[in-house]
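Let us take a friendly walk through a protein structure together. Keep the picture open while you read.

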Amino acid sequence: METLEKMTPKICLGGITKEYIAPRTGQRTLAIADVSLDVFQGEFLCIVGPSGCGKSTILNMIAGLARPSRGELVMDGKPIRDPGAERGVVFQDYALFPWKTVRENIEFGPRYRTAGPLSASERDRIVRHYIDLVSLTGAENKYPHELSGGMRQRCAFARALANEPEVLLMDEPFAALDAQTRLILQEELLRIWGEELPRAARKTVVFITHGIDEAVYLADRVAVMSNNPGHIKTIMTVDLPRPRRESLRATAEFQKLADAIWQLIRHEAYEATIDRH
Ligand SMILES: Nc1ncnc2c1ncn2[C@@H]1O[C@H](COP(=O)(O)OP(=O)(O)OP(=O)(O)O)[C@@H](O)[C@H]1O
Ligand SMILES: [Mg+2]
């Protein structure tokens with residue numbers, strides 16, 4: 001792996017604090033405090049941590065859906081203030097339009113809604129490419145309720161990709177899927193991301209998960225978060241070779257990394273299972 005430290009970050013979070021203020025009661029929730037994080041071009045960064053530690057808050061801020069209360073948030077040197085076509089988001093709950101078909105959902109990206117230089121045939125070609133890429137060929141005229149969970153998530157992924165973003169932001173995209181489908185989509189994601197491409201040609205991915213094995217399998221680095229208030233405890237480098245294959249999970253190196261991350265979060269994960277009120 002190239003040395004990340006020598007590169008200019010693609011996305012830079014500098015000393016970010018986010019406090020939510022409830023509109024009616026004025027009640028304040030300090031979600032994250034003083035979070036600094038660099039994400040590099042072409043890297044696959046996973047964020048893990050106990051429930052409520054601020055993972056989605058970080059992702060939503062990078063997406064431009066929420067603003068930091070304090071601190072600096074920049075992409076390619078420019079402040080992030082709003083959502084943008086260069087940042088694609090995939091959520092856990094698919095967020096597909098139920099009244100649109102697979103094809104219409106995928107076509108919906110902002111790059112296509114605005115009248116641009118794309119001709120209808122060029123647009124069709126791009127949409128077809130992404131339908132094929134996520135293996136939804138043959139299902140393009142189906143509606144979301146006619147699809148399995150895995151297929152819906154493939155569709156959500158294709159919609160994000162068809163918009164041709166530079167950065168993919170994924171918030172627990174596989175959490176609602178059964179264990180086998182999840183394993184298959186993890187492999188698919190790495191294939192589509194382009195494990196074999198040089199780093200400069202890859203998309204930058206920020207991927208949130210509760211699954212430690214999932215994080216180690218996918219990531220170049222894993223940011224481990226902690227609670228009260230949310231902060232980054234440590235960042236682990238996953239120096240496992242790519243392309244990654246299923247058999248990697250059984251290796252001692254993989255298990256060692258997964259165990260090290262689990263040791264970092266087990267106490268808080270345990271606490272989160274106890275209702276003290
Ligand atoms: N819109 C909001 N208004 C008020 N508080 C919020 C809001 N969104 C999140 N919070 C609070 O901020 C903290 C961080 O929430 P966030 O959703 O970022 O955590 P998370 O790590 O993604 O959790 P999970 O693993 O359960 O998805 C929590 O205490 C949560 O209750
Ligand atoms: Mg969340």
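Before we start, one piece of vocabulary: Ala, Val, Leu, Ile, Met, Phe, Trp, Tyr, Cys and Pro count as nonpolar, Asp, Glu, Lys and Arg as charged, and the others, Gly among them, as polar. Please also keep in mind that this is a predicted model.

## The enclosed space

How many cavities of 30 Å³ or more are there? The count comes to one. About 90 Å³ of space lies in this largest cavity. With the vocabulary above, its lining divides into nine nonpolar residues, one polar residue and two charged residues. Among the lining residues are Val90, Val134, Gln153, Arg154, Phe157 and Glu188. Which helix gives the largest share of this lining? That is α6, with four residues. Both α5 and α6 supply at least two residues each.

## An open pocket

Now turn to the second largest pocket, which holds about 220 Å³ of space. It is lined by 16 residues, and the closest to its centre are Ile192, Trp193, Ala201, Arg202 and Lys203. You have met one of these before: Ile192 is also listed in the lining of the largest cavity. At least two lining residues of the pocket come from each of α4 (120-133), α5 (149-162) and α6 (179-193). Here the largest share belongs to α4, which gives three residues. By class, the pocket lining has 10 nonpolar, two polar and four charged residues.

## Around the ligand

Next, find ligand 1. It is surrounded by 13 residues, and the closest are Ser51, Gly52, Lys55, Ser56 and Thr57. Three of the contacts with oxygen atoms of ligand 1 are set out here.

| Residue | Part of the residue | Distance to an oxygen atom of ligand 1 |
|---|---|---|
| Glycine 52 | polar backbone atom | 2.8 Å |
| Lysine 55 | N or O atom in the side chain | 2.7 Å |
| Serine 56 | polar side-chain atom | 2.8 Å |

On its own, ligand 1 has 630 Å² of accessible area, and the protein covers 59% of that. Two elements, β2 (28-40) and α1 (55-63), give two or more residues to the shell around ligand 1. The largest share, three residues, comes from α1. Sorted by class, the shell has four nonpolar, seven polar and two charged residues.

Is α1 itself mostly covered or mostly open? It is mostly covered, with eight of its nine residues buried. Lys55 and Thr57 are among the buried residues of α1, as are Ile58, Leu59 and Asn60. Just after α1 comes glycine 64, which takes a positive phi of about 85 degrees.

## Two buried loop residues

Finally, look at two places in loops. Glutamate 140 is found in the loop between α4 and α5. Why does glutamate 140 count as buried? Its relative accessible area is 9%, and buried means under 20%. The side chain of glutamate 140 is joined to that of arginine 128 by a polar contact of 2.5 Å.

Glycine 230 sits in the loop between β9 (221-226) and β10 (231-237). This glycine counts as buried because its relative accessibility is 1%. How far is glycine 230 from serine 36 in sequence and in space? The two are 194 residues apart in sequence and 12 Å apart in space, C-alpha to C-alpha.

How values were computed: Residues numbered from 1 in each chain as written. Chains lettered and ligands numbered in written order. Predicted model: local features only at pLDDT ≥ 70, side-chain atom pairs only at ≥ 80, totals over all residues. Heavy atoms only, no water. Near = heavy atom within 4 Å. Polar contact = N/O pair within 3.5 Å; in protein donor to acceptor, adjacent residues only side chain to side chain. Areas by Shrake-Rupley, 256 points an atom, 1.4 Å probe, with all protein chains shown as cover. 1 Å grid on protein atoms, 1.4 Å probe; cavity = no way out; pocket = protein on both sides within 12 Å on 5 of 7 lines; lining within 4 Å. Points joined across faces, edges and corners; volume = space filled by probe spheres on them. Buried < 20%, exposed > 50% of the residue type's maximum accessible area, 1.4 Å probe, protein only.
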